[in-house]
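User: Could you take me through one part of this model in detail? I would like to see how a sheet is put together and what lies against it.

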Amino acid sequence: MARMKFLCDAERCIECNACVTACKNEHDVPWGINRRRVVTINDGKPGERSVSMACMHCTDAPCAAVCPVNCFFTTADGVVLHSKDLCIGCGYCFYACPFGAPQYPRTSNFGSRGKMDKCTFCAGGPEPDSSEAEYRKYGANRLAEGKLPLCAEMCSTKSLLAGDGEIIAEIYKERVTQRGYGSGAWGWQTAYREPVQV
Amino acid sequence: MLTKRKSGQTNRTKLQGMMGAVASAHLDRRTFLRRSGLAAGGLAAFGSFQLGTIRKASAISHPEPGVPIELRKSVCTHCSVGCTVTAEVQNGVWTGQEPSWDSPFNRGSHCAKGASVRELVHSDRRLKYPMKLVGGQWERVSWEDAINGIGDKLMEIRQKSGPESVYWMGSAKFSNEGTYLFRKLAALWGTNNQDHQARICHSTTVAGVANTWGYGAMTNSFNDIRNAKTLIILGGNPAEAHPVAMQHLLEGKELNNSNFIVMDPRFTRTAAHATEFARIRSGTDIAIIWGLLWHIFENGWEDKEFIAQRVYGMDEIRKEVAKYPPDEVERISGVPGEQMKRIAQMFATQKPATIIWCMGQTHHTVGTANVRASCILCLATGNVGKPGTGANIFRGHDNVQGATDIGLDVVTLPFYYGLTEGAWKHWSRVWEIPYDDLLAQFDSKELMEAPGIPLTRWFDAVLLPKDDIAQRNSLRAMFVQGHASNSITRIPESVKGLAGLELLVVADPHPTTWASLAVKAGRKEDTYLLPVCTQFETSGSRVASNRALQWGEQIVKPSFEQKDDYQVLYLLSKKLGLADWMFKNIAVEGDRPVPEDVLREMNRGGWSTGYCGQSPERLKAHMRNQHKFDLVTLRAPKDDPEVGGDYYGLPWPCWGKPELRHPGTANLYSTGLHVMDGGSPFRARFGVERNGETLLAEGSYTVGSELTDGYPEFTMAVLKKLGWDKDLTAEELGIIQTIGNDMGSIDKVSWSTDLSGGVQRVALKHGCHPYGNGKARAVAWNLPDPVPVHREPIYTPRVDLVEKYPTYPDAKQFRLPNIGFTVQKAAVDKGIAKSFPLILTSGRLVEFEGGGEETRSNRWLAELQQDMFVEINPADASERGITDGAWVWVSGAENNSKARVKALVTERVGKGVAFMPFHFGGWLHGEDLRANYPKGADPYVLGESANSITTYGYDPVTGMQEPKVTLCQITA
């Protein structure tokens, strides 16, 4: 079975935010919740680079390790999902996540933050695939339809890649062979505990 | 902006509250649609829109299991790349969007705007019903009452002040067919006061480039840039303005290891991916290009053979360029000579090379001269007419190229025929309306043939004394269909103009800043808003920047009382008594003219620009067969039964009748191809000889041409001389004879006036090009500066250079005085540059487009850019005690203008430069005008308009405004 991964080629990312609005469009994510966002470093200076970030669906996901109610699970494709029925909105996963992926609908200082929401790799949640209940809680399930995450499919410069980890690493390696290493596959080492072998 | 740009977090608190409150008071239309299974309108209080909570249950429009999904294709409405949008439609509701893998333009990709177009259609902030001001309040009216009220008032004004007192402001958001109907309506109404966004976008490109080599459009295509080994982006920021084009640019850069050079006042997001960046002073493009050419001529890097065969007047360029040695160029532009030499060498010797520009070159008083200099750089180095070369001009709106071609423009009838008697007679033959009847609609023959007033100056035409305006009366009415008001400079004066109008009509999907500023100006009556469909709710063709036509189908029907552009124009022309003329040869179904029929009429008249071969049937076949076109050449395999040998979208010129199956022209002026493979020489547009020197090509011709030297444009006289008139069919000859009788002699009938297509067919049959085989003009003797020279902007910080490089002298242009020289002199005399020391320039953000009302009404985009801002260099900020994210006042050099915006302190702009995005509106001088919008139709995000600070300045050739350079001061 394929191990699904994300890879953002920072040499290509132009911070156009297509990934952000594609995600909003596909899952009808409310205002204020950003399952995916683009972060820019050295903004406006030589060396400026942008990276599109969301849940990277880590190997040995740190969010799962700290969750007090054990609401996370990893699918056979390597996608890290969670159950909103179990989530208590404690926010531990937010602190554990190296990518700032977990999002919460409420911002008050006291009480629950509401059920955590994050990128599902367009793979829904524990409910039956493509059911109304699944859509309500987690958004569309593209993987079940044989499609990949819409953010990557719509990326303007083919910077954001999603899919079988080996295939996207191969695409990236081809680019690096052609043009040189550049800024690297940002976050890959952190998420998957391995570099992209070039 | 601020929070996102710095930390990647969006501001959640401010608008969240506002959106929740406003949205819950209104219908959640999508829920309604989904539950009722209807796409029809109506109001009912279904589930509310609770933002900030997980509320998917109440507001979804996702694919419902078991309901069949229909896929429909249209084209994104946000820029000129022409990305295909693939929509999933269930029960008439747009429930999803899928990547359009088959399109050779976008290969599945979108930018933030393209990935959220579904929300444009669903947006709760659209105009739903016709509205009018009654006692200063917006009230709903019926379409019938609105059209009657507007029509009666228009006729009253016509009676009183003549047809020229009504201004028809159309749109680059129209389809070609909408554009054509709008253009035709203005002609039948009897005025040339009709214009659209090209005026403030690329009017200078069109004028300057066409005056150089024939047509004023992108020579190659986004895809073709993949072939370039060197590219200079001078005055463009495709990473924000044309993001999907960057796919082709960046892949090309990686595959060719190409030189990716950005020259810009700002270190743009595009510059972040460049191999070389040069920071230039705004408004010094000519000095930059002459500076590059200085090194090229000095080192003998020019393409001598190309110049000898295909260019007229390069010696005069040499003389001018000699005046721009490296130290002078550095003094003017700030770019050091060493870097200039490096860039010049790359462009001239690492070929193919292309120059790319957008509004950085065009938005100037010297815009026309700027783009001419860029073309001359291509000509001098032989970088035009081959893959990977050319002037790749990135147009703005999704159909600004089409709307330009179709002559929604003060200087011409459709397809650049101009306004001469001959042009009017050509169209009177196409329209089958007697010429004398057309003439009778105008105030005079003189005004019928005189360019109208550019839209940049509509308010001057309202406010200036009557004697200063070369027509019977000043402007009394504005009919605006699809154009922002905040994208035009000098907003404080346009507000006065709004107050002075007798009638204002705005037909648009959104109320736009016309509505909010009209109320601010004190208008109480005679102001109408007509709700119009987006292009996703109608069908028609649109032209991408590379001149390719794409047919978009209707994705969904409008949900409320919106009507499409065709319907609006039908109802209005019927009310004005012009419908019989308008639709003589165009079928009307109910109140909707059939767009396919409109396109067929365009095909019958569009010979001059090669809009004759793109029938609706061919265009639809292209959309069906997108996957067959090559990514780089854009060509389909020759053996394909439907689209064999065609270039994608039949990029104009596509000669002859559709049956001739000309493939379109992918790269203009490519002599390395046969004319029937899309080859073409430079257009012989400017005569055959000047001062004893030939203007026809020498020893250069397209592959397979039977004439192996330059030749003039084809007329019947030329055909007869060659003995090729025998190749005409009897039917063709009959039509030509009839036109000849009309023109006084059959010999005068040419490739552009022959309605039979015979002249074009015969020329092509012999491998020749209908428009002739001429030289490009390095010297354009009909322009104010035949050879471009550097001229300082009207408001310049470099007053020391004004004496040597003054702006153009005052003159009367386009019926109005242009007093740029006086304004520049006064600014210098008064020491404006001392009180307003910062250069203010403007540009685009990726999330928004144009005046921005529609994108600021899209919640997914609005969330990403919530505040109007000004970029300021850290050194300038610290001098003024300004911190990042703080509110500041930006004040302008005219009208005591000021704007309240947030400061973005960044090194993106150099010291002494400030930058503002031009998409905001709905505030004026610190005042929030949200209450001036019709209830519920206000965009989510409002802000000060950059153009409330911009100032006087107009290109003498086109009336282009100057929003890229003015002066300002910023205070904490």
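Analyst: Happy to help; here is a walk through one sheet of chain B, followed by a helix pair and a hairpin in that chain. Keep in mind that this is a predicted model.

Let's begin with the sheet. Strands of a sheet pair through backbone hydrogen bonds, in either a parallel or an antiparallel way. In chain B, five strands form an open sheet in the order β10-β9-β8-β12-β13, and their pairing is parallel. β10 (276–279) and β13 (390–393) of chain B are the edge strands; each has a single partner strand, so one side of each is left without a neighbour in the sheet. On average, neighbouring strands here are turned by 20° against each other, direction ignored.

Now zoom in on one edge. Strand β12 (residues 353–357) of chain B runs parallel to β13(B), joined to it by four bridges. There you can find B:Thr354 opposite B:Gly390 in β13(B).

What lies across the sheet? Helix α14 (residues 337–349) of chain B lies across β8 (230–234), β9 (259–264), β10 and β12 of chain B, and runs at about 125° to β8(B).

Next, the helix pair: α7 (residues 203–213) and α16 (residues 367–380) of chain B pack at about 45°, with axes 8 Å apart. That angle makes α7(B) oblique to α16(B), and their crossing is right-handed.

For contrast in pairing, look at the hairpin. Strand β17 (residues 540–543) of chain B pairs with β18(B) in the antiparallel sense over four bridges, and B:Arg542 stands opposite B:Gln550 in β18(B). Five residues sit between these strands, and in this hairpin B:Arg547 takes a positive phi near 75°.

Terms used
Residues are numbered from 1 along each chain as its sequence is written. Chains are lettered from A and ligands numbered from 1 in the order in which they are written. This is a predicted model: local features need pLDDT of at least 70, side-chain atom pairs count only at pLDDT 80 or more; totals for chains, interfaces and linings use all residues. Axes are lines fitted to C-alpha atoms, for helices over the stretch in contact, and angles run from 0 to 180 degrees between N-to-C directions. Helices (H or I, at least four residues) and strands (E, at least two) are DSSP runs, numbered from the N terminus. Angles under 35 degrees count as roughly parallel, over 145 as roughly antiparallel, 65 to 115 as roughly perpendicular and the rest as oblique. A crossing is left-handed if the near helix is turned anticlockwise from the far one by less than a right angle, and right-handed if clockwise. Two strands pair if DSSP finds at least two bridges between them. Two residues are in contact if their C-beta atoms, placed from the backbone, lie within 7 Å.
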